[in-house]
Amino acid sequence: MIVEQILVTGMAVFCYLVADEKTGEGLLIDPAGDFDEIFAVVEKHGVKIKYVVNTHGHFDHTSGNDHVIAKTGAQLLIHEADADSLGSVTNRLLSRFIGGKGSPKPFSFLRDGDIVSVGSVKLKVIHTPGHSEGGICLYTDGHIFTGDTLFTEGTGRTDLPGGSTKKIYDSIKNKILTLPDDTIIWPGHHYGRFPKSTVKEQKQYY
Ligand SMILES: [Zn+2]
Ligand SMILES: [Zn+2]
């Protein structure tokens with residue numbers, strides 16, 4: 001399995017390429033901007049992008065949807081509860097500040113327990129509300145992509161529309177930190193000193 005972490009935009013967003021190196025099929029998680037860098041990584045591995053998956057509907061994660069989908073023909077997937085924020089005027093306007101655009105409509109919606117497959121790589125959708133109502137994490141053996149639910153040194157904001165401190169702690173404790181200790185945590189932003197963490201490391205904080 002290929003996992004590449006790409007730091008994009010002035011908002012320190014982490015975009016991820018996840019792909020099956022045997023079939024060359026892959027997906028991009030939150031390809032928010034800095035498209036030359038993203039596509040250099042995609043081309044380095046010779047990957048065909050099948051899906052764009054948004055961890056949630058905030059503009060700093062979705063501003064590149066339009067560009068990447070136009071270029072690759074990928075299908076857009078997001079949790080239904082964040083579809084409104086994805087299509088909002090605020091999302092469209094703020095996206096322009098970081099060099100992107102409003103997002104096209106999703107191809108289909110994700111629910112807790114869904115599996116997103118690229119080749120033999122299977123990512124399980126874990127619904128983790130708290131930062132936003134439709135926030136998700138994507139999990140496969142050894143790796144979890146946590147969006148703005150969990151960073152290496154703290155959680156995402158809970159004061160935005162749809163946010164809830166109670167829900168984010170519930171999501172982190174009961175849905176993320178119950179995974180095997182050696183699972184690598186790949187966050188949605190480069191906040192703090194380290195670009196990644198593990199379940200074992202995070203357990204000491206929650
Ligand atoms: Zn967010
Ligand atoms: Zn964010």
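# Close-up views of a predicted model with two zinc ions

**View 1. The largest pocket and its lining.** In this predicted model, 25 residues line the largest pocket, and those that lie nearest its centre are His58, Phe59, Asp60, His131 and Leu160. Two or more residues of the lining are given by each of two elements, helix H2 (59-62) and helix H5 (89-97). The largest share, 3 residues, comes from H5. The volume of the largest pocket is about 430 Å³. By residue character, the lining divides into 8 nonpolar, 12 polar and 5 charged residues.

**View 2. The site of the zinc ion (ligand 1).** Four protein donors surround this ion: His56 through NE2, His58 through ND1, His131 through NE2 and Asp148 through OD. These donors lie 2.1 to 2.4 Å from the zinc ion (ligand 1). Along the chain, the donors follow the spacing H-x1-H-x72-H-x16-D. The angles among the 4 donor atoms are 90 to 174°, and the site is irregular. Histidine 56 and histidine 58 are both buried. His58 and His131, two of the donors, are also among the residues that lie nearest the centre of the largest pocket.

**View 3. The site of the zinc ion (ligand 2).** The protein donors here are Asp60 (OD), His61 (NE2), Asp148 (OD) and His189 (NE2), at 2.1 to 2.3 Å from the ion. The spacing of these donors along the chain is D-H-x86-D-x40-H. Why is the arrangement around the zinc ion (ligand 2) irregular? The 4 donor atoms subtend angles of 87 to 155°, which makes the arrangement irregular; a tetrahedral site would need all angles to lie between 85 and 135 degrees. Aspartate 60 and histidine 61 are buried. Asp60 is also one of the residues nearest the centre of the largest pocket.

**View 4. The bridge between the two zinc ions.** Which residue coordinates both the zinc ion (ligand 1) and the zinc ion (ligand 2)? Aspartate 148 bridges the two ions. The zinc ions lie 3.4 Å apart. Asp148 accordingly appears among the donors of the zinc ion (ligand 1) and among those of the zinc ion (ligand 2).

**View 5. The two sides of helix H1.** Helix H1 spans residues 35-44, and its buried residues are Phe35, Ile38, Phe39, Val41 and Val42. They cover an arc of only 155° around the axis, which puts them on the same side of H1. The exposed residues Asp36, Glu43 and Lys44 are carried on the face of H1 turned away from its buried side.

**View 6. The two sides of helix H3.** Within helix H3 (residues 65-72), the buried residues are Asn65, Val68, Ile69 and Thr72. Seen down the axis of H3, these residues fall within an arc of 95°, so they line one face of the helix. Ala70 and Lys71 are exposed and sit on the face turned away from the buried side of H3.

**View 7. Two residues with positive phi.** Most residues other than glycine have a negative phi. Threonine 9, although not a glycine, has a positive phi of about 65°. The loop between strand S1 (2-8) and strand S2 (13-20) holds threonine 9. With a relative accessible area of 16%, threonine 9 is buried, because the cut-off for a buried residue is under 20%. Aspartate 34 also has a positive phi, near 50°. Aspartate 34 is found in the loop between strand S3 (25-29) and H1. The relative accessible area of aspartate 34 is 36%, so this residue is partly exposed.

**View 8. Alanine 74 in the loop after H3.** Alanine 74 has its place in the loop between H3 and strand S5 (75-79). Is alanine 74 buried or exposed? At 7% relative accessibility, alanine 74 counts as buried. Its C-alpha atom is separated by 18 Å from that of lysine 44, the two residues being 30 residues apart along the chain. Lysine 44 is one of the exposed residues of H1.

**View 9. Aspartate 84 in helix H4.** Aspartate 84 belongs to helix H4 (residues 83-86). Its relative accessible area is 69%, and aspartate 84 is therefore exposed. The C-alpha atoms of aspartate 84 and arginine 193 are separated by 33 Å, and these residues are 109 residues apart along the chain.

Methods
Residues numbered from 1 in each chain as written. Chains lettered and ligands numbered in written order. Predicted model: local features only at pLDDT ≥ 70, side-chain atom pairs only at ≥ 80, totals over all residues. Heavy atoms only, no water. 1 Å grid on protein atoms, 1.4 Å probe; cavity = no way out; pocket = protein on both sides within 12 Å on 5 of 7 lines; lining within 4 Å. Points joined across faces, edges and corners; volume = space filled by probe spheres on them. Helix = DSSP H or I, 4+ residues; strand = E, 2+ residues; numbered from the N terminus. Nonpolar A, V, L, I, M, F, W, Y, C, P; charged D, E, K, R; others polar. Donors = N, O, S within 2.8 Å, 3.2 Å for Na, K, Ca; no water. Tetrahedral: all angles 85-135°; square planar, octahedral: opposite > 155°, others 65-115°. Buried < 20%, exposed > 50% of the residue type's maximum accessible area, 1.4 Å probe, protein only. Arc of directions from axis to C-beta.
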